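Let's take a walk through this model together. Have the viewer open, and we'll start from the inside.

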Amino acid sequence: LVLQGEVWRLFTFTYVHSQDTLLHLIFNMLVLYLAGINLERLWGPKRFFVFYTLAGFVGVSLYFALTVVGWLPRGVSIPGFDDVGLVGASGGVLAVLGCCAVLFPAMQVILYFFPIPIRLFTLLYGLYYAYNLFTRGGNAGGDACHLAGLAFGIAWGYRGQMWLLRWEQWREGAQRRSRQAKQQELHDLEREVDAILEKVHREGMGRLTRREKQMLETATRMRQEGERRNRL
């Protein structure tokens, strides 16, 4: 379906879950809450949302690439869904886990009643998913998504702040350039309008060209819109 134009599925799949894997859903939501709350407190809700959604996109991109080249079989039917290839939050959840392993190395995880360091826990799960993927056993497609999400989370933990800083600098620069371009446009328009008004004073309205009349109308409309915004 993605190849048919429904590209939004690359971003929305991580917010959907199979109806026949309730324990999987509970586990994912538990990890997302217990680990994700640390990242949300650190970054804020908006940045955490961006991180989680991008992690899902990275995860499904690897899965999608492996199905296209034939490494993995294409979509299978899942109860409650029509001919889907991948659903679930695991890619994003593993990204959260990987990022927490980088940023909060002192965190402990309870594994079968025994506390272990989060980095060891992450390593064990990563090896398990890698084994499943390369032997194409179990849920190989899902494990491809898991590994991609995990790798993205670890990379974000080390470099995410720098990426965000560069993005914000680029966005601020783009906004500044846009404001400067608008100011220059207004300045040029004012100069032309002044020249047109001077022509009207010398020769009268009847001597204006169609372009000059349109420019006066544009300037009048822009001034009225500016006054309306100021009143609001």
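This is a predicted model, and a good place to begin is its interior. Phe27, Val31, Val93, Leu94, Leu97, Phe121, Tyr125 and Tyr129 line the largest cavity. Which elements give two or more residues to that lining? They are α2 (22-43), α4 and α5 (118-135). The cavity has a volume of about 50 Å³, and the structure holds one cavity of 30 Å³ or more. As for how such a space is found, rolling a probe the size of a water molecule over the atoms shows where empty space is left.

Now step back to the whole chain. You'll count seven helices and two strands, and from the N terminus they come in the order α-α-α-α-β-β-α-α-α. Of the 232 residues, 35% are buried. If you take the contacts with a separation of 6 or more, 63% of them join residues 24 or more positions apart. On the outside, the accessible surface is about 15,400 Å², and carbon and sulfur atoms hold 61% of that.

Next, have a look at helix α3. With 24 residues (45-68) at 1.5 Å a residue, α3 should span 34 Å, and its end C-alpha atoms are indeed 34 Å apart, so expectation and model agree. Its buried residues are Phe48, Phe51, Tyr52, Thr53, Ala55, Gly56, Gly59, Val60, Tyr63, Leu66 and Thr67. When you read a list like that, keep in mind that an α-helix has 3.6 residues a turn, so residues three or four places apart point the same way. After α3 comes Gly70, with a positive phi near 90°.

Phe48 also gives us a way back to α2, the helix where Ile37 sits. Ile37 and Phe48 are 11 residues apart in sequence, and their C-alpha atoms are 9.3 Å apart in space. Is Ile37 buried or partly exposed? Buried would need a relative accessible area under 20%; Ile37 has 23%, so it counts as partly exposed.

Finally, a word on confidence. The mean pLDDT of the chain is 79, with 81% of residues at 70 or more. Among the elements, helix α4 (residues 90-103) has the highest mean, 90, while helix α1 (residues 9-12) has the lowest, 69. Over residues 76-84 the pLDDT is below 50, although this stretch has 15 contacts in the model beyond near neighbours in sequence. Where pLDDT is low, the predicted coordinates should not be read in detail.

Notes:
Residues are numbered from 1 along each chain as its sequence is written. This is a predicted model: local features need pLDDT of at least 70, side-chain atom pairs count only at pLDDT 80 or more; totals for chains, interfaces and linings use all residues. Side-chain values use heavy atoms; hydrogens and water are left out. Helices (H or I, at least four residues) and strands (E, at least two) are DSSP runs, numbered from the N terminus. The expected span of a helix is 1.5 Å times one less than its number of residues. Buried means under 20% relative accessible area, exposed over 50%, partly exposed in between (1.4 Å probe, protein chains only). Contact means heavy atoms within 4.5 Å. Accessible areas come from the Shrake-Rupley method with a 1.4 Å probe; for residues, only the protein chains shown count as cover. pLDDT is the predictor's confidence in each residue, from 0 to 100. On a 1 Å grid over the protein atoms alone, a cavity is a set of points where a 1.4 Å probe fits but cannot get out, and a pocket is an open set with protein on both sides within 12 Å along at least five of seven lines; lining residues have an atom within 4 Å of a point. Grid points are joined across faces, edges and corners, and a volume is the space filled by probe spheres set on the points.
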